[in-house]
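Biologist: I have a model to look at, and I want the reasoning behind each label. Can you take me through it?

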Amino acid sequence: MQQFDVIVIGAGPAGYVCAIRCAQLGFQVACIDKWVNAKGKPTLGGTCLNVGCIPSKALLDSTHHVHFLREQAAQHGLKISGLEVDIPTMQKRKDKVVQILTRGVASLLKKNKVEVFAGSARLGGEQRVHVDQHDGSTVEMQGRHIVIASGSQPTSIPDVGIDNENILDSTGALGLQEAPERLGIIGAGVIGLEMGSVWQRLGSEVIILEALPDFLPAADQTVSKEAMKLLAKQGLDIRMNCRVQEVQASTGKVSVTYHLNGAEQRLEVNKLIVAVGRMANTEGLGLDGVHVATDQKGFIKVDAHWRTSSEGIYAIGDVAGGAMLAHKGSEEGMALAEHLADQYAHVNYDAIPWVIYTWPEIAWVGQTEQQCKASGISYRTGEFPFRALGRAHAMDDTAGLFKIVCDKESDRILGAHILGPSASELICEAVVAIESELCAEDLARMVHAHPSLAEGMHEAALAADQRAIHF
Ligand code: FAD
Ligand code: AMP
């Protein structure tokens, strides 16, 4: 039986990062992953690299160019005629990006001398792990520490089967070779909005049905209301309060029955994407046999140091619940590795940035105004619109706003919310500010380059003290 200090199950952003950090700290590490790509080849990087963050952003970037060429180029004096959109080539570029990055993970693991196993892992007693390798062989190994980083997979709603022909999950939605004429999406969450944006830009009429009454309830309401308006203006037909009851599919036609304010409605589309959330990947891991407890939704229960109910077994990333974000899993992976090496490490769950890569992008970190209100915190806010930024005008990208929420007495920044171009990059300043316990006054006194979009954060901080200069 092979012996390791640490066995990591899963090579997604939580698992591979944990494995590399463990190896850097001097552990003998094994990392097992069962993923095979469309060509049947074992591949690393998990959901994030293969069917998640990376391919979705590749398509969002390509289709953003399409949108620019069609809608904005003329204003820049660029006359485009005969523009042809070749979706199969766009998809090939996306596949190439995925290939480069998954190969990159393989070489990083190799460089760090992590031993990689391609196959399905199952836990046994006494810290043993059994691997059914894709080549048909089996491996038995034992680890002082076992880290479960098996991730998550798309879920559906009762009686709605995903066939990835007519009814698609996020993976199917990323792989379409042509834009459906009418595309239905169930769920106006991150994935629904990103996939809706891609296919709307490529010509589909997109109708999104969302069960909740409020759009993006986790975001600050100022931002979510403005985002809803901007996305609707682009052509996304987002219908709130619509709980989907039944779906029937035949080739090229999907009929969706949903309830709107108690009344039954019907929608006919050519394809339907189900984007109603994700569930933990625990099947086949043998958790019961080793007494690893899960919660009611199936996520592995962990304590503040990612320990499961079974000694020596840990869980990180999507499978351990909480924010289902790649960077959250990676941070947990690094912090856990350092704990295993008896070092001090932590993850500040109050400073995790969220991003939705629509255009404009939506990004936030920390508390929303409505959260502060609900918990009785006395706060102040500062807002600043992109249309008051010189750089945004130079870019011809002026929609959106910055909003800072800070404590009324101490001035400490509690949250920051951005709707606008490159919000995914701009939010980083707010993460640093919250991590460093900065006040709005600190940001207000820091020099921001001119002209830049980041000036909006500076002005929002000034606005929190009612002294914005340019608005
Ligand atoms: P995963 O990435 O799911 O990896 C788990 C790995 O474990 C898989 O490779 C799987 O094969 C392996 N595994 C499971 N069971 C076993 C077993 N028994 N034996 C061996 N191997 C096993 N997050 C962001 O932060 N930003 C984004 O922009 C973003 N966009 C997304 C877009 C889409 C369309 C989707 C679907 C997700 C997106 N996410 C995004 C979420 C992100 O992909 C996940 O939060 C992240 O991948 C979770 O990482 P993980 O390592 O916990 O799990
Ligand atoms: P996320 O949690 O970001 O993946 O988003 C999933 C979205 O799907 C949430 O906003 C849910 O409210 C929504 N949703 C879940 N079930 C249904 C349903 N039956 N009909 C419509 N929307 C749903």
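Biologist: Which element gives the largest share of the shell around ligand 1?

Modeller: Helix 2 does, with four residues. Keep in mind that this is a predicted model. The shell around ligand 1 holds 36 residues, and D33, T47, K57, A121 and A326 are the closest.

Biologist: What makes the pair between ligand 1 and the side chain of D33 a polar contact?

Modeller: A polar contact needs a pair of N or O atoms within 3.5 Å. Here an oxygen atom of ligand 1 is 2.6 Å from an N or O atom in the side chain of D33. That pair passes the cut-off. Polar backbone atoms of P13 and M324 also pair with oxygen atoms of ligand 1, each at 3.3 Å.

Biologist: How much of ligand 1 does the protein bury?

Modeller: Taken alone, ligand 1 exposes 1000 Å², and the protein buries 96% of that. By class, its shell has 17 nonpolar, 14 polar and five charged residues.

Biologist: Now ligand 2. Which backbone atoms lie 3.1 Å from a nitrogen atom of this ligand?

Modeller: A backbone N or O atom of A211 does. A polar backbone atom of V244 does too. Both values are within the 3.5 Å cut-off, so both pairs are polar contacts. For ligand 2, the protein buries 74% of the 500 Å² exposed when the ligand is taken alone.

Biologist: Which strand gives the most to the shell around ligand 2?

Modeller: Strand 11, residues 242–250, with three residues. The whole shell divides into ten nonpolar, three polar and two charged residues.

Biologist: Why is A293 called partly exposed?

Modeller: Buried means under 20% and exposed means over 50%. A293 has 28% relative accessibility, so it falls in between. A293 sits in the loop between strand 15 and strand 16. Leaving aside neighbours within four places in sequence, A293 is in contact with F299, I300, K301 and S309.

Biologist: How do you know that the span of helix 11 agrees with what is expected?

Modeller: Take 1.5 Å times one less than the number of residues. Helix 11 has 13 residues, so it should span 18 Å. Its end C-alpha atoms are 18 Å apart, so the two agree.

Biologist: Which elements do the buried residues of helix 11 pack against?

Modeller: Among them are strand 17, strand 18, helix 12 and helix 13. The buried residues of helix 11 include A423, L426 and I434. After helix 11 comes E437, with a positive phi near 55 degrees.

Terms used:
Residues are numbered from 1 along each chain as its sequence is written. Chains are lettered from A and ligands numbered from 1 in the order in which they are written. This is a predicted model: local features need pLDDT of at least 70, side-chain atom pairs count only at pLDDT 80 or more; totals for chains, interfaces and linings use all residues. Side-chain values use heavy atoms; hydrogens and water are left out. A polar contact is a pair of N or O atoms within 3.5 Å; within protein, one must be able to donate a hydrogen and the other to accept it, and residues adjacent in sequence count only if both atoms are side-chain atoms. Accessible areas come from the Shrake-Rupley method with a 1.4 Å probe; for residues, only the protein chains shown count as cover. Helices (H or I, at least four residues) and strands (E, at least two) are DSSP runs, numbered from the N terminus. Ala, Val, Leu, Ile, Met, Phe, Trp, Tyr, Cys and Pro count as nonpolar, Asp, Glu, Lys and Arg as charged, and the others, Gly among them, as polar. Buried means under 20% relative accessible area, exposed over 50%, partly exposed in between (1.4 Å probe, protein chains only). Contact means heavy atoms within 4.5 Å. A residue is near a molecule or strand if one of its heavy atoms lies within 4 Å of it.
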